[in-house]
Amino acid sequence: MGVVVSRRGWALFAAMCVIWGIPYLLIRVAVRDVSPGTLVFMRTAIGGLVLLPLAVRAGGFRPVLRRWKPLVAFAALEIAIPWLLLGNAEEHLPSSLTGLLVAAVPLVGVVAGRLTGTGDHVDGRRWAGLLLGLLGVGVLVGLDLGRVSGLALVEVGLVAVGYATAPIIMARQLSDLPRFPVVSAALLLSAVAWAPYGLTHWPRHVAATGIASIVILGLVCTALAFVIFFALVAEIGPNRATVITYVNPAVAVALGLLLLNERFTAGMGIGFPLILIGSVLAASTGRVARPTGQAAPDGRDRVAASRTPGA
């Protein structure tokens, strides 16, 4: 029997689809004025500081810092490196194409889980989904190959690898910790790592659109996004929450076409449906998700181990 999603759940779901669909547009605009490293520094500093009061309220950083090694690895694979690579890639790729390529993260996640022994059993349906999704990526890239940078494609591929492997670290070593201290600590660690570069490479002139993009990325697409995402997970569970993974790319494409006058290509039209269907099949487990929205015994919600890429 299906679980009815409340109106609050639908509202949170819709908000996340938009909030984690717009970063590709904002990154594309921001890197016109600031370097990708400076953008990562500003975004992580803003997001980490805004979430700091929530982290303190949830118990502070002491339990998180006791596990500093997996925390550093998670921050590097989920935030510090992927966000730099996305900025570099979007200096050469349309935001819409970048969003579609990142949609392949569930496919990489299946492979990563298989290699590390942390994933579910890969049956025939999931293998078919994996192959179909990879075919979609091949079509998406192949039909547009003459118009895109090979290096930028490699960078987006590495982003997908980081986004797919970071949840393994979260699930194995950080999932029992309070959510906001983990996220805030990861963001602030990334900000500290990029501070020497960011503080010394601020351009003389940044357009108003660039400043607005940086602020929105930090406040809305990072800090507010995690607040809403954790509320969504508590409302409908992590498995259903990850469905936004399949909606975000469509939002990215629509915004790129409407606001940046990007082209809708044959590769997008054919490749994205294949990636979408393949990702859904590959990520399916055939098991009913257990509700995971209850508070922990000490009253503090724990970090969701699932990852929904939102750049």
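# Reading a predicted helical protein

Q: Which side chain meets that of E235 in a salt bridge, and what is the N to O distance?
A: A salt bridge is a side-chain nitrogen of Lys or Arg within 4 Å of a carboxyl oxygen of Asp or Glu. Here the side chain of E235 meets that of R8, at 2.8 Å from N to O. E235 belongs to helix α11 and R8 to helix α1, so the pair ties together parts that are 227 residues apart in sequence. The model is predicted, and local features need pLDDT of at least 70, side-chain atom pairs count only at pLDDT 80 or more, while totals for chains, interfaces and linings use all residues. Residues are numbered from 1 along each chain as its sequence is written, and side-chain values use heavy atoms, with hydrogens and water left out.

Q: How many salt bridges does a search of the whole structure find, and with which residue does R67 form one?
A: The search finds 2 salt bridges. R67 pairs with D176, and their closest N and O atoms are 2.6 Å apart. This pair links distant parts of the chain: R67 is in the loop between α4 (62-65) and α5, and D176 is in the loop between α9 (150-174) and α10 (179-200), 109 residues apart.

Q: Is R8 buried, partly exposed or exposed?
A: Buried means under 20% relative accessible area, exposed over 50%, and partly exposed in between (1.4 Å probe, protein chains only). R8 has a relative accessible area of 48%, so R8 is partly exposed. Its partner E235 is also partly exposed, at 33%. In the other bridge, R67 is partly exposed at 29%, and D176 is partly exposed at 41%.

Q: How many helices and strands does the protein chain have?
A: Helices (H or I, at least four residues) and strands (E, at least two) are DSSP runs, numbered from the N terminus. The chain has 14 helices and 0 strands. Of its 311 residues, 52% are buried.

Q: Why does the length of helix α1 agree with its number of residues?
A: The expected span of a helix is 1.5 Å times one less than its number of residues. Helix α1 (residues 7-19) has 13 residues and should span 18 Å; its end C-alpha atoms are 18 Å apart, which agrees. Buried residues in α1 are G9, L12, F13, M16, C17 and I19. Their cover includes α2 (23-30), α11 (208-236) and α13 (248-259).

Q: Where is the kink in α5 centred?
A: The bend at a residue is the angle between axes fitted to the seven residues ending there and the seven starting there. In α5, a kink of about 50 degrees is centred on A76. The 22 residues of this helix (residues 68-89) should span 32 Å, and the end C-alpha atoms are 29 Å apart, which agrees.

Q: Which residues does L255 touch, not counting those up to four places away in sequence?
A: Contact means heavy atoms within 4.5 Å. L255 touches G21, I22, L25 and L260. L255 lies in helix α13 and is buried, at 18% relative accessibility. Its C-alpha is 7.6 Å from that of S96, although the two are 159 residues apart in sequence.

Q: Which residues form a nonpolar patch on the surface?
A: Patches join residues with over 30% relative accessible area and no salt bridge: like charges within 9 Å, nonpolar side chains (Val, Leu, Ile, Met, Phe, Trp, Tyr) within 5 Å. V50, I211, V215 and L219 form the nonpolar patch, with about 290 Å² of accessible area together (Shrake-Rupley method, 1.4 Å probe; for residues, only the protein chains shown count as cover). Helix α11 gives the largest share, 3 residues. I211 lies in that helix and is partly exposed, at 41%.
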